[in-house]
Amino acid sequence: MLSPPALAAHLRRLLLSPLTVRAAPASSPTSCLVHRAMASTAAAPSGCVAAEEYEDVLGKLSSLITQKVRAHSGNRGNQWDLMAHYLKILELEEPIARMKVIHVAGTKGKGSTCTFTESILRSCGFHTGLFTSPHLMDVRERFRLDGVDISEEKFLKYFWWCWNKLKEKTDDDIPMPAYFRFLALLAFKIFSAEQVDVAVLEVGLGGKFDATNVVEAPVVCGISSLGYDHMEILGNTLGEIAGEKAGIFKKGVPAYTAPQPEEAMISLKQRASELGISLQVADPLKPHQLKDQELGLHGEHQYINAGLAVALASTWLEKQGHKDMIPLNCTDSLPDHFIRGLSCASLQGRAQIVSDSQVNSEDKNRDSSLVFYLDGAHSPESMEICAKWFSTVTKEDKIPSSAEQSQTSGNSRKILLFNCMSVRDPMRLLPHLLDTSTQNGVHFDLALFVPNQSQYNKLGSNVPAPAEPEQIDLSWQLSLQTVWEKLLHGDKASYELIAFGSNGTNTSKTSQVFESLPHAIEWLRKSAKENRSTSFQVLVTGSLHLVGDVLRLIKK
């Protein structure tokens, strides 16, 4: 727990940092607003700290991204034993052994679970470190200290410390670590140097061979909801996928799981039994346990993640000798510090609503005419959850307080803005999105398919993407459009998908392919301005990278 001097210093940092605090809803503690504002202010590097140096660092990080196709069979394990060499080079073995870690794997909700868990323990007064992935706008989002993205100054200091040591000691036999492994090593360096009380680590992919799995003795492990994703690496059945996720289980370390399908649960229990550890199912949180407060992350599915987070945080507190802080049972209202943590949790790109300031600021006397609903869903199950959330929030009379403007109750157009990675099967994603939306009374007037902007940029760099259409391969987006049109019209559909329009689009009455995301955003803004009586409700989904690209563009 923070000592009085450390607490005073931490409060000074909060007070001196630039904040943008919106008016507080009656049900939201002011502290939530401060932490959320703090978490977002770190997204853009400050101009006064060497911008050129920061760009140089982003370039070096980009150089670590392997060109190997992710589905390549060699990615499974992929010389995982090299991690031991990296830890030795960076002198991280002892610091990691002392670190009080909460380790979380899963298919859906692992980032949200980690965010809830960190927020609870921070509300209890502990000095927290949180490592999540991917980032949406800036690589520093992956490293949070006390709920705030790491400062550019600290990021650069720890980056160069790790980079220079590894460059000095690596060679042909022990090459530089790949991108995610370097970031995981950097996280361990940051959290050990900053002497956090607790480090909450989200697994990047799988579990057994993930870079975060060098932690040999975490305090507690968790498995969030499992489903079909990364099947090219993890396996084609839920049992195989669960077996990979259970690779984070350790002998003598308690483990919790969210409720799982039977096939996945059998695999998890089998691994726990082999290690002789207890595996307990964390029940979803009930709304009454929050004493009329709302979760900081929106969507009914977040009660599952919150329930797992409560179990992980409670176990961590108990193991550290703080039994007086944990809930008395699983049914009564939670202690106030748990409720505060859950209601203040903040994570961009998950059920997030952003009103477009460029369009809506031009007429402050009317309701929002262009609103983006962003969710990084990219698995069949999360597509259904996303569709239910979008259906619910767009039916409500008002946009939630994060958008700060009321929803037009009259004419509206619902538009899908979509892309997904080419390793994913759109026939496993788009039907779930479309069917669930239809079942909940939502019909998309138009679907827009775009390439991700970030594929042309270094990590969070402001370097512009190529503008010429001939430089961009749109074959994947055209195939997504074909899938969508066949879902709408069947195989007999006769739609025009041949000629590109003058604005760089490939058009039918129900879908368009844009050559770039900026062109799609420009078209949406133009349409909203020309149709002021219509509310444009845009669901952005299919890829967290796409969500991050949209946020970067509309928040400029």
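Begin by selecting strands S2 and S3, which pair in the antiparallel sense over 3 bridges; keep in mind throughout the tour that this is a predicted model. Within this pair, pick out Gly-129, which stands opposite Leu-145 in S3.

Next, add strand S5, residues 198–202, to the selection, since S2 also has a partner there: 4 bridges join S2 to S5, and these two strands run parallel. To find one of the contacts, select Leu-130 and look across to Val-200, its bridge partner in S5. While S2 is still on the screen, which of its residues are buried on one side and on the other? Thr-128 and Leu-130 are buried on one side, and Gly-129 and Phe-131 are buried on the other, so that both faces of S2 are covered.

From S2, follow the chain into the loop that lies between S2 (128–131) and S3 (143–145), where Pro-134 is found. Select Ser-133 together with Pro-134, because the peptide bond that joins them is cis, with an omega of about -10°. As a rule, most peptide bonds are trans, and most residues other than glycine have a negative phi. The second half of that rule is worth remembering at the next two stops.

For the first of these, select Lys-291, which lies in the loop between strand S8 (279–281) and helix H12 (302–319). Lys-291 has a positive phi of about 55° although it is not a glycine. Is this residue buried or partly exposed? Lys-291 is partly exposed, with a relative accessible area of 43%, which falls between the 20% and 50% cut-offs.

Continue along the chain to H12 itself and display the whole helix. How far apart are its end C-alpha atoms? They are 25 Å apart, which agrees with the 26 Å that the 18 residues of H12 should span at 1.5 Å a residue. If you then show the surroundings of the helix, you will find that 15 of its 18 residues are buried, so H12 is largely enclosed by the rest of the structure. Just after H12, select Gly-321, which takes a positive phi of about 85°.

The last stop is Ala-351, found in the loop between helix H13 (336–344) and strand S9 (352–355). Ala-351 is not a glycine either, and yet it has a positive phi of about 50°. Ala-351 is buried, because its relative accessible area of 4% is under the 20% cut-off, whereas Lys-291 is partly exposed.

Terms used
Residues are numbered from 1 along each chain as its sequence is written. This is a predicted model: local features need pLDDT of at least 70, side-chain atom pairs count only at pLDDT 80 or more; totals for chains, interfaces and linings use all residues. Side-chain values use heavy atoms; hydrogens and water are left out. Buried means under 20% relative accessible area, exposed over 50%, partly exposed in between (1.4 Å probe, protein chains only). The expected span of a helix is 1.5 Å times one less than its number of residues. Two strands pair if DSSP finds at least two bridges between them.
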